[in-house]
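Here are my notes from going through this one, as promised. Have the viewer open while you read, and shout if something looks off.

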Amino acid sequence: MKTLIIVAHPDLQNSRINRALADTMREQPDTTVHVLDELYQDKSIDVTHEQGLLERHDRIIFQYPLYWYSTPPLLKQWFDEVLAYGWAFGPGGEHLKGKEIGIAISTAGTAASYQPGGYNLFTIRDIAKPMEALANYVGAHYLPPFAIHNANYITDEQIAISQEAYVDHLRSVKHVQTSGLVTINK
Ligand SMILES: Cc1cc2nc3c(=O)[nH]c(=O)nc-3n(C[C@H](O)[C@H](O)[C@H](O)COP(=O)(O)O)c2cc1C
């Protein structure tokens, strides 16, 4: 299984969590770490190159800090341009079919805040539903999310534990087979 970690972070040099997680992933076998913001400082994404990378991997993990409950802007642009009609969906658009897609995100909010009743109202799984829908739309299997919280207060020791947890997560995580689309028409 070949894993592609697509990292989106506008300031990875000053990142604590995502930089540490990316460094850990660089040491893993059969794993490619691909930092979008380093490659595309001019925001001009090489779509053919990105699609080729995706084709050569079985599992794709989008790793990013949560920005307004969503992705940083370059990753959104990447989705818009790389997941093209006729390649990712539509006629001939089957290049991601059967692959695994997952997310690894960091948040400033605490774990408790990302629970029902918490000040962020929703769980990470709920907030990341667009990613789940995206995976479904391109025929990929969605993996349960991996999240590191409390970014402003996390200690170096906790980051080290998170690095190990990230490796363990990717070693053990499995997609859940869904039964497909159900339309209730009442
Ligand atoms: C523009 C912006 C929007 C953010 N939005 C959220 C958010 O919606 N929820 C949250 O918990 N943290 C939010 N944060 C905090 C980041 O997620 C946090 O700084 C990041 O995960 C830290 O990771 P790093 O150490 O890799 O930089 C936001 C930060 C910025 C700069």
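**Notes on the model**

1. Let's start with helix α1, which covers residues 17-26 and is mostly covered itself, with seven of its 10 residues buried. The buried set consists of I17, N18, A20, L21, A22, T24 and M25. What sits over them? The cover for these buried residues includes strands β1, β2 (31-35), β3, β4 and β6 (146-148), plus helix α7 (156-172). Keep in mind throughout that this is a predicted model.

2. Zooming out, the protein has seven helices and six strands. Read from the N terminus, the order is β-α-β-α-α-β-α-β-α-α-β-β-α. The radius of gyration is 16 Å, close to the 16 Å that the globule rule gives for 186 residues, so the protein is as compact as a globular protein of that length. If you want box dimensions, the C-alpha trace spans about 50 × 45 × 30 Å along its principal axes.

3. Some whole-chain numbers for your setup. Of the 186 residues, 46% are buried. The exposed area comes to about 10300 Å², and carbon and sulfur atoms supply 53% of that. On the charge side there are 15 positive and 21 negative side chains, with the centres of the two sets 6 Å apart. As for contacts between residues at least 6 apart in sequence, 73% of them join residues at least 24 apart.

4. Now to β3, at residues 59-65. How many of its residues are buried? Seven of seven. In a regular strand the side chains alternate between the two faces of the sheet. For β3 both faces are covered: R59, I61, Q63 and P65 are buried on one side, and I60, F62 and Y64 are buried on the other.

5. β3 also has strand partners to look at. It pairs with β1 (residues 3-7) in the parallel sense, over five bridges, and L4 has I60 of β3 as its bridge partner. With β4 (residues 100-106) it is joined by seven bridges, and these two strands run parallel as well. To find that pairing in the viewer, pick R59, whose bridge partner in β4 is E100.

6. T3 is a handy residue to click on in β1. Is it buried or exposed? Its relative accessible area is 8%, under the 20% cut-off, so T3 counts as buried. Setting aside neighbours within four places in sequence, its contacts are D30, T31, T32, H57, R59 and I61. Two of these, R59 and I61, belong to the β3 face listed in point 4.

7. Last, a backbone check in the loop between β3 and α4 (73-82), where W68 is found. Most residues other than glycine have a negative phi. W68 has a phi near 50°, a positive value in a non-glycine residue. Y69 lies in that loop too, and its phi is also positive, at about 60°, although it is not a glycine. How are these side chains placed with respect to the surface, buried or exposed? W68 is exposed, with a relative accessible area of 78%, while Y69 is partly exposed at 39%.

Conventions. Residues numbered from 1 in each chain as written. Predicted model: local features only at pLDDT ≥ 70, side-chain atom pairs only at ≥ 80, totals over all residues. Heavy atoms only, no water. Helix = DSSP H or I, 4+ residues; strand = E, 2+ residues; numbered from the N terminus. Rg over C-alpha atoms; globule rule 2.2 N^0.38 Å. Buried < 20%, exposed > 50% of the residue type's maximum accessible area, 1.4 Å probe, protein only. Contact = heavy atoms within 4.5 Å. Areas by Shrake-Rupley, 256 points an atom, 1.4 Å probe, with all protein chains shown as cover. Lys, Arg positive; Asp, Glu negative; His and termini not counted. Charge placed at Lys NZ, Arg CZ, Asp CG, Glu CD. Pairing = 2+ DSSP bridges.
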